[in-house]
Amino acid sequence: MKSMKRSMFDRQSRLRRPALALVFATAATVVLSSLGVSTAAASSTVQLRFLFPEYSAKTAPLMKAMVNDFNKANAGKIKVSLETAPWDKMHDKLALSMGSGQAPDVFGYATRWISEFAGLKQLAPIDSLLKPAFKKTFNQAVLAAGTYKGKSYGLPVAVSARLLYYRTDLFKAAGLSAPKTWDELLADAVKTSNPPSVYGLGVPASGIEVDTFFDYFLYNNGGDILDANGKSKLSSPESVKALQFLSDLVTAKGSEPNPVGFTREQIIENFKAGQLAMYPTGPWLNAMIQADNPSLQYATVPFPTNNGKKQQTVAVTDSLGMSAGGKHKAEAWKFIQFMYQTKYRQLFDQTEGMLPELNAVIHSAYYQTPQYKPFVDALSSAKFQPQHPKFEQIQQIITVAVQKALSGIATPKQALDEATVQINKL
Amino acid sequence: MAVIGEGALRLRKPSSRRRMFNLRSESVVGLLFILPTVALVGLIVFYPILETALMSFSKVNSLAQRGAFSGLANYQSLFSDTVFFRVVVQTIGWTVAVVGVTTLLSIPVALALNLSFPGRRLARALLIVPWAASLMINAIIWRWILDGQYSIINGTLMRLHLIKQPIIWLGNERTAWIAIIFVGILVSIPFTSFSLLAGLQSISSEIYEAAMVDGSGFWSTFWYITLPLMRPVLVVTTLLNVIYVFNSLPIPWVLTQGAPAYHTDIVVTYLYKRAFAEGQFGPAAAMAMLTFFLLLVFSLGFSHVTKERNKVGAN
C-alpha cells in the first residue's frame with residue numbers, strides 16, 4: 001500500500017504536471033523580471049554620468065584618476081561615474097542613449113555632430129555658464145569651433161591640427177627640400193618612390209577619414225565643402241582641381257598603388273615602419289613613432305598650397321558637452337570646470353598626443369619643443385569642418401567621390417558633380 | 001488486483017468527459033511550460049522585427065526615434081536609388097557564386113569523407129575548424145592574408161617569381177570580389193559537406209550492392225542513385241545556404257567595407273552603412289523588410305518547386 005501522505009508532486013498525482021509547470025513558469029518569470037529591476041539608491045548625493053571616448057588605451061585610467069579626485073573633493077555631495085567607449089561606437093552610443101531619454105550628463109563627442117545633436121535639442125547651450133574669466137583661459141579660435149547658430153554647445157576637449165610629415169633622410173638622399181607648392185609635392189612624391197619598399201605619399205582611400213584626407217588638398221587650393229548658404233561647393237573649379245591633382249599623383253605612381261585597399265591605420269603603420277616618404281596627419285604620430293620606431297628621421301611642415309593660395313591647416317576638434325535633459329546642470333558644470341584645470345588638461349594632451357586648447361598649456365615647455373611648436377603655431381590658420389546636421393552623410397558622399405576618382409570609376413569632375421547633387425538633396 | 005494511480009482515476013470517468021478534461025489540462029500544462037521561452041523569443045526576435053517593419057513605414061530621425069507614419073515613402077526612395085539596384089544585383093551574384101560553387105565542391109568532399117581511409121577522423125576534425133571559428137574571425141584572418149603590403153600570398157608568389165609587384169587584392173573591384181567570394185566559399189564548405197555527409201550516410205549500402213550487381217559503374221551509380229537519394233539534403237542545404245549567404249555581413253564588411261564606392265557592397269552591408277554611418281534608419285529598415293520578403297518568396301518558391309512528388313507503389 002502506498003503511504004497516505006500525498007503531495008502534488010507525487011508520481012501518481014494528477015496535478016503533478018500542472019504543478020511543476022506552474023513552478024517553472026513562476027520561477028522563470030521571477031528570474032527574468034529580477035534581471036531588469038534596478039533599484040535606485042535613495043540618497044541625497046547627486047549622481048552624474050560621464051561618458052568619454054577612448055583615444056588610446058591610456059584614456060580610461062587617465063579619466064578615472066581625474067574622476068576619483070573630483071569625487072573625493074566632493075564626497076557626499078556629488079558622485080561622478082565614468083564610462084568610456086571606443087570612438088567608432090561613440091555616435092551609436094550617444095544616439096541610442098539620447099533616443100531613449102537617458103543621455104549621460106556630461107559627454108565627449110565629435111564637434112561635427114553639434115549640428116545634429118543641437119538640432120535635435122539634445123545639447124545644453126553653455127553660454128550663460130561660460131564666465132569671462134574661464135573663457136579667457138582658452139585659445140579663442142579653438143573655442144569658437146564649438147558654436148552652432150550663434151550658441152556655444154561645447155568646450156574643446158581634444159584638438160588636432162594636421163601637418164605634413166616627411167622623411168628627412170629620404171629627402172636628403174634625393175637632394176630635395178620640404179615641399180611648399182603642389183608642383184614640388186608631386187615631384188617629390190614621384191622621386192622618393194622606390195616600389196615596392198618605399199612609396200612617396202601615403203594615400204588612404206578606405207575606411208574612415210578619407211574625406212579629411214581630401215580636405216588637405218581641397219582647402220589648400222581654395223576649395224571648400226560647403227558655401228555660405230550650406231550648399232555644396234565641391235563642383236567649383238578649385239575643388240575639382242584638388243581631386244584631379246590627387247588622382248594625377250596616384251596615376252603618376254607618387255603614392256602606393258590601389259589606394260582604395262588601404263585604410264588610415266594601415267598607412268600610419270607603413271609610415272612608422274619607414275615605407276612611406278610623406279604623410280599628413282595630426283600630432284599623435286609623434287608619440288607613435290617615439291614608441292615604435294624612435295630612430296625614424298622625420299620632420300613636419302604645413303601642407304603645401306597650390307599657386308600661392310592661402311595656407312589652411314585642417315584642424316579637427318572634439319567637444320565636451322552637457323545633455324539638455326540633464327537634471328543637475330549646476331553640478332555637471334562644476335565637474336567640467338574641475339576637469340579643465342591646467343594640470344589635468346596638460347596630462348591629457350601630453351599622454352594622448354593632442355594639441356592644447358588652454359593657453360597655459362600652449363605656452364608650456366612641452367608644447368614649445370620642435371616636435372609640437374609647428375602644430376601649435378598652425379592653430380592660427382586652422383580651418384575646422386563645417387557644421388551641417390547631416391555631416392556624417394556628407395562625409396560618406398565625399399568618401400565615395402574620392403574612391404570613384406581614385407579607382408578610375410569616374411573622372412574627378414563627374415564624381416564631384418554627383419556628390420554635389422547628393423549633398424544638395426540632403 | 002486494484003489498479004492504482006492515474007489509471008484508476010481515469011477509469012472512473014465517463015469516456016467523453018474524460019477525454020475533454022485531459023485535453024484541456026494537457027494544453028494548459030503545455031502552454032505554461034512554453035510560456036517563458038515564447039516570451040523570451042518574442043522579445044528578442046519578434047519585437048525587433050516588428051519595430052523594423054514599423055520603422056520602414058515611418059519617418060525616423062538620426063537617433064533612431066520613430067516619428068510620424070510616412071506610408072511607402074521609404075520604399076519609394078529605394079526605387080529611385082541607383083546604388084540600391086546595383087547592390088541588389090551584386091548580392092544576387094555573390095549568393096549564386098558562393099552557394100553554387102560551395103555545393104559543387106561539397107559533394108566530392110562529402111563523398112570522400114564517406115569512404116573510410118586512415119586519417120579520416122583527422123580530416124573531419126580539420127574540416128570543422130573554419131566552421132567552429134566565428135565568421136568574424138575567419139574574415140579578419142583573411143583580411144590580413146590578403147593585405148596589400150603584408151600579404152602572405154603576395155610574399156609567396158613573389159618568392160616564386162610569379163609576380164614582381166605585390167597584388168593589392170582588396171584594392172580593386174575585380175580582385176576584391178574574387179577574394180570575398182573565395183572566403184565565402186571556404187567558410188560555407190564545412191556546413192554543406194557535413195550536411196551532405198549525413199545525407200549520404202542515410203543511404204543504405206544495400207542499394208549500392210544491388211547497383212554493383214546490376215553492373216553500374218561509378219558515374220551511373222553517382223548520377224542515378226546517389227544524387228537522387230541526396231536530393232532532400234541538397235534542397236535543405238541549398239535553401240539554408242542561400243539565406244545565410246544573402247545576409248552574411250562579416251565577410252564583405254571586414255574585407256572591403258563595400259569600397260570602392262559601393263562596388264563591393266551587398267544589401268546587408270549597404271543598409272548597415274545607411275543606418276549607422278549615415279543615420280538614415282527609415283530607408284535602411286525598408287531595405288531590411290525587402291530582403292525579408294525576397295528571401296521568404298524564394299524559400300516558398302524553392303520548396304514548392306523541389307517538392308518530391310510522392311510515388312505510389314513499391315516499384
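How many residues of domain 1 of chain A are in contact with domain 2 of chain A, and how many residues of domain 2 take part? In this predicted model, 12 residues of domain 1 of chain A touch 10 residues of domain 2 of chain A. On the domain 1 side, helix H16 (residues 373-378) of chain A makes the greatest contribution, with 3 residues. By class, this side of domain 1 consists of 6 nonpolar, 4 polar and 2 charged residues. Each of the two domains is built from two stretches of chain A: domain 1 comprises 46-160 + 316-383, and domain 2 comprises 163-302 + 390-425. Their C-alpha centres are separated by 29 Å.

Within chain A, four strands form an open sheet with mixed pairing, in the order S8-S9-S7-S10. Strand S8 (199-201) and strand S10 (298-301) of chain A form the edges, each pairing on one side only. On average, and with direction ignored, neighbouring strands of this sheet are turned by 25° against each other. The pairing of S8(A) with strand S9 (residues 276-281) of chain A is parallel and extends over 2 bridges. In one of these pairings, A:Tyr199 has A:Leu276 in S9(A) as its bridge partner. Helix H8 (residues 182-192) of chain A packs on the sheet, where it touches S8 and S9 of chain A. The direction of H8(A) makes about 165° with that of S8(A).

The loop between H8 and S8 of chain A contains A:Pro196. This residue is joined to A:Pro195 by a cis peptide bond, with omega about -5°.

Two further elements of chain A are notable for their burial. In helix H9 (residues 210-219) of chain A, 10 of the 10 residues are buried, so the helix is largely enclosed by the rest of the structure. The buried residues of H9(A) include the aromatic residues A:Phe213, A:Phe214, A:Tyr216, A:Phe217 and A:Tyr219. Among the others are A:Asp211 and A:Asp215. The partners against which the buried residues of H9(A) pack are helix H10 (237-251), S9, strand S11 (313-322), strand S12 (382-383) and helix H17 (391-406) of chain A. S9(A) thus appears both in the open sheet and among the packing partners of H9(A).

Strand S6 (residues 155-161) of chain A is also mostly covered, with 7 of its 7 residues buried. S6(A) runs antiparallel to S11(A), and 6 bridges join the two strands. Along this pairing, A:Ala158 stands opposite A:Asp318 in S11(A). S11(A) is therefore a partner of S6(A) in strand pairing, and S11(A) is also one of the elements packed against by H9(A).Chain B contains 13 helices and 2 strands. The radius of gyration of chain B is 27 Å, well over the 20 Å that the globule rule gives for 315 residues, so the chain is more spread out than a compact globule. Along the principal axes, the C-alpha atoms of chain B fill a box of roughly 95 × 70 × 35 Å. Buried residues make up 26% of the 315 residues of chain B. Among contacts in chain B with a separation of 6 or more, 66% link residues 24 or more positions apart.

The contact between the two chains takes 34 residues from chain B and 36 residues from chain A. On the chain B side, helix H1 (6-12), helix H2 (15-56) and helix H12 (267-277) each supply at least two residues. H2(B) provides the largest share of this side, 7 residues. The side of chain B that touches chain A divides into 19 nonpolar, 12 polar and 3 charged residues.

Two loop residues of chain B have positive phi values without being glycine. B:Ala64, with phi near 65°, lies in the loop between strand S1 (58-60) and strand S2 (66-69) of chain B. B:Ala64 counts as buried because it has 21 C-beta neighbours inside 10 Å. For B:Gln257, phi is about 55°, and the residue is found in the loop between helix H11 (250-255) and H12 of chain B. B:Gln257 has 18 other C-beta atoms within 10 Å and is partly exposed.

Methods. Residues are numbered from 1 along each chain as its sequence is written. Chains are lettered from A and ligands numbered from 1 in the order in which they are written. This is a predicted model: local features need pLDDT of at least 70, side-chain atom pairs count only at pLDDT 80 or more; totals for chains, interfaces and linings use all residues. Domain bounds come from an automatic or database domain assignment. Two residues are in contact if their C-beta atoms, placed from the backbone, lie within 7 Å. Ala, Val, Leu, Ile, Met, Phe, Trp, Tyr, Cys and Pro count as nonpolar, Asp, Glu, Lys and Arg as charged, and the others, Gly among them, as polar. The radius of gyration is taken over C-alpha atoms; the globule rule is 2.2 Å times the number of residues to the power 0.38. A residue is buried if 20 or more other C-beta atoms lie within 10 Å of its own, exposed if 12 or fewer, and partly exposed in between; C-beta atoms are placed from the backbone. Two strands pair if DSSP finds at least two bridges between them. Axes are lines fitted to C-alpha atoms, for helices over the stretch in contact, and angles run from 0 to 180 degrees between N-to-C directions.
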